[in-house]
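Work through the exercises below with the structure open beside you. Try each task before reading its solution.

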Amino acid sequence: MSTIKKEIPVEGMSCAACAIAVEKVLVKSPGVKAASVNYANHAALLEYDEDAVELEVLKKSVQQSGYDLLIEGLQQDELENRQEDAYRKLRKKTVFAGIMAFPVFLIGMFWMHMPFGNEIMWALTTPILFVFGRQFFIQAWKLAKVKQANMDTLVALSTGIAYLYSSFNTFSPEFLISRGLEPHVYFEAAAVIIFFILLGKTLESKAKAGTGAALKKLMGLQPKEVSVIENGELLIKKIEEVRAGESILVKPGQKIPLDGTVIEGSSYVNESMLTGEPIPTVKEKGSRVYAGTLNQDGSLTFIAEQVGKQTLLAQIIERVKTAQGSKAPIQKTVDKVASIFVPVVLAIGILTFFIWGFSGVEDAWLRGMLAMITVLVIACPCALGLATPTAIMAAMGKGAQMGILIKNAESLEKGKKIDTLLLDKTGTITKGNPEVTAMQCLPSWTAADAAAVSTIESKSEHPLARSIIKHLDAKTKQIPITNFKTERGKGVAATVNDKIYRIGTEKWIRSFLDKGYEEEVGKSFERMEAGATLVYVAREGELLAYFEITDPIKSTSIQAIKELQEMGISIHMLTGDHQLAAKKVAKETGIDAFRGHMLPQEKAEYVRKLQKEGKTVAMAGDGINDSEALSIAHLSIAMGHGSDIAMEVADVTLVHSDLQQIPKTLQLTKKTVKIIHQNLFWAFIYNIIGIPIAAGVLYPAFGFLLNPMLAGAAMALSSVSVVTNSLRLR
């Protein structure tokens, strides 16, 4: 069975409890391996077996719970238009509700004895509740049928009770008058509560749109239409219609629409959105081009090789979307609270009503009803549900703009605790483009050996292989080889004309050499004093040559390491390179702890050793040889130019492959976690303080009973304040 990961929009959610309810339905569905529903972006992230799950069945299950799963495969533009349309309708309802609620408020608070005042308030409040606020009652009824409750339940019950009680007293006032009671009405409470909640949702919806602004900006980098050359004719196609292998024309000033290879023309292309480098790159025949980059001054024709979701830009967007939809570990605790929140509030509201009713104070049952309404209104799980995901969405978006791709929310939490950072040398601290600066050939070296070495190295993925090929290729041609084999962390071997060639480290090569080469190998060590890396070549048991290779340190690495050390983070450098080469780089960059000659499994063991000592370890690397260490580190960071496997296992990918992004990443994680904690603190405090006050705990001592209208305003303000606080990350 093939497993699919897919994000599907969800309609009908009004609070965190809704997200929990939808998530429960999805998780219990056969064939669904994992489901995470995010209230902040109104989407479900599903992982399921394609052969075992029918999305139509999932949709019906979700609809039975009062919500809807949009499985129609809407394009991003369609989805945004739908959301924008919903926002406009919500804003329109809010405006009309506010216009009609204002006179109700004035009459109820200041002119309650005016002729036909109650009837006027009833006439204005009825459409506020059942036209502009009808979604609260519809959703509450749907949920009641499946024995569930959410924020809509609280709003519908509180305003519905106030409305029914007030309507009864408006048209049958004699019932209470005959019993010596004043037939008060609370239309202003019901009307203003609906208005404030609609206003809160409108502001919340507007603010939440900001958390996805960075993602929209990334999506906007890819043009919607493409100029395709077919049979010598120029055709305009939609981006989704283009297939791999088609010829694409890009004119000056246009964005590159897809990934591919240039076949005609030359131009400068600004790739800063990928590399962070402001200087444009020359592109000519054979050059690679990437979607979202900007063609500047010449026309280019290229063959589309990666289309749709295969382009580098699409993969970046997908990773950001997945990360925004993920949940931090702290969110699991919040979800548990949110799942029982509404039932607990309902119980508190009913208990409040009866405690007041039997209290013996004047108008006890009336006060009990008002207190119950206030409890139901003020207790909203929205702020609780928005506290974590809005901060995560804002952080992921900000990270993406900075060229920092964070895999999931858990990575954000882990980043705050890091006290030790392990750095690979080649391609991480250094440029990763080493060059052969000298070559020492022994008497037995021939042109045939040069051809053999060049061909063998062309099969290798090691960064040093490219520098050797570049050094030899001008003099050699490719020849047939057999039995090619990679020894991880040691070198490569292959058979040429029935002789085994080995190219690799001194330690590995030495074990295959005949006697008599110790002196020559010993002499070569002197070359390492300058920080050079030596790669040895042997044919059978005979030493043929060795290459002296250097890899320059990136201009930003020294400053980045200094910043990290100032943040109190201990830096260690691990490399498979020789100890002397490692020492040279460590000295130049100010790193005290370093190890050379390390195999991939030894790097992993080094990580485990530090973890056993109680360190919280981050690892940054770019190669296949770093993948094991990356996978076990508390926080793994991959360089964007590195291997796919390194980026696959990493929690964070630095698109610009710049170490200065690491302190920025750690600062972003600390700010995000700080804001999440602030949001949760205020959300919890709001409810912890608000619910008892709404229930009337201050009444015995101070005679204070919270007005339901103020409760509605406070509830709306709590959600908006949480989202606004999260947006500070941007």
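Three exercises follow, on a strand, a helix and two loop residues.

The model is predicted, so local features need pLDDT of at least 70 and side-chain atom pairs count only at pLDDT 80 or more, while totals for chains, interfaces and linings use all residues. Residues are numbered from 1 along each chain as its sequence is written, and side-chain values use heavy atoms, with hydrogens and water left out.

**Exercise 1. Place strand S18 among its partners.**

Step 1. Locate the strand. S18 covers residues 491-496. Helices (H or I, at least four residues) and strands (E, at least two) are DSSP runs, numbered from the N terminus.

Step 2. Check burial. In S18, 6 of 6 residues are buried. Buried means under 20% relative accessible area, exposed over 50%, and partly exposed in between (1.4 Å probe, protein chains only).

Step 3. Sort the directions. Gly491, Ala493 and Thr495 point one way, and Val492, Ala494 and Val496 point the other way. Both sets are buried.

Step 4. Find the pairing. Two strands pair if DSSP finds at least two bridges between them. S17 (residues 482-487) runs antiparallel to S18, with 4 bridges. Here Thr486 has Val492 as its bridge partner. S19 (residues 499-504) is also antiparallel to S18, joined by 6 bridges. Across that pair, Ala493 stands opposite Arg502.

Step 5. Look at the turn. S18 and S19 form a hairpin with 2 residues between them.

**Exercise 2. Why do the buried residues of helix H2 line one face?**

Step 1. List them. H2 spans residues 55-64, and Leu55, Leu58, Lys59 and Val62 are buried.

Step 2. Look down the axis. The buried residues fall within an arc of 100 degrees, so they line one face of H2. The arc is that of the directions from the helix axis to the C-beta atoms.

Step 3. Recall the geometry. An α-helix has 3.6 residues a turn, so residues three or four places apart point the same way.

Step 4. Turn to the other side. Lys60 and Gln64 are exposed there.

Step 5. Step past the end. Just after H2, Gly66 has a positive phi of about 100 degrees.

**Exercise 3. Examine the positive phi of Phe116 and Asn497**.

Step 1. Recall the background. Most residues other than glycine have a negative phi.

Step 2. Take Phe116. Its phi is near 55 degrees. Phe116 lies in the loop between helix H3 (76-110) and helix H4 (117-132). Phe116 is exposed, at 63% relative accessible area.

Step 3. Take Asn497. Its phi is about 50 degrees. Asn497 sits in the loop between S18 and S19. With 71% relative accessibility, Asn497 is exposed.
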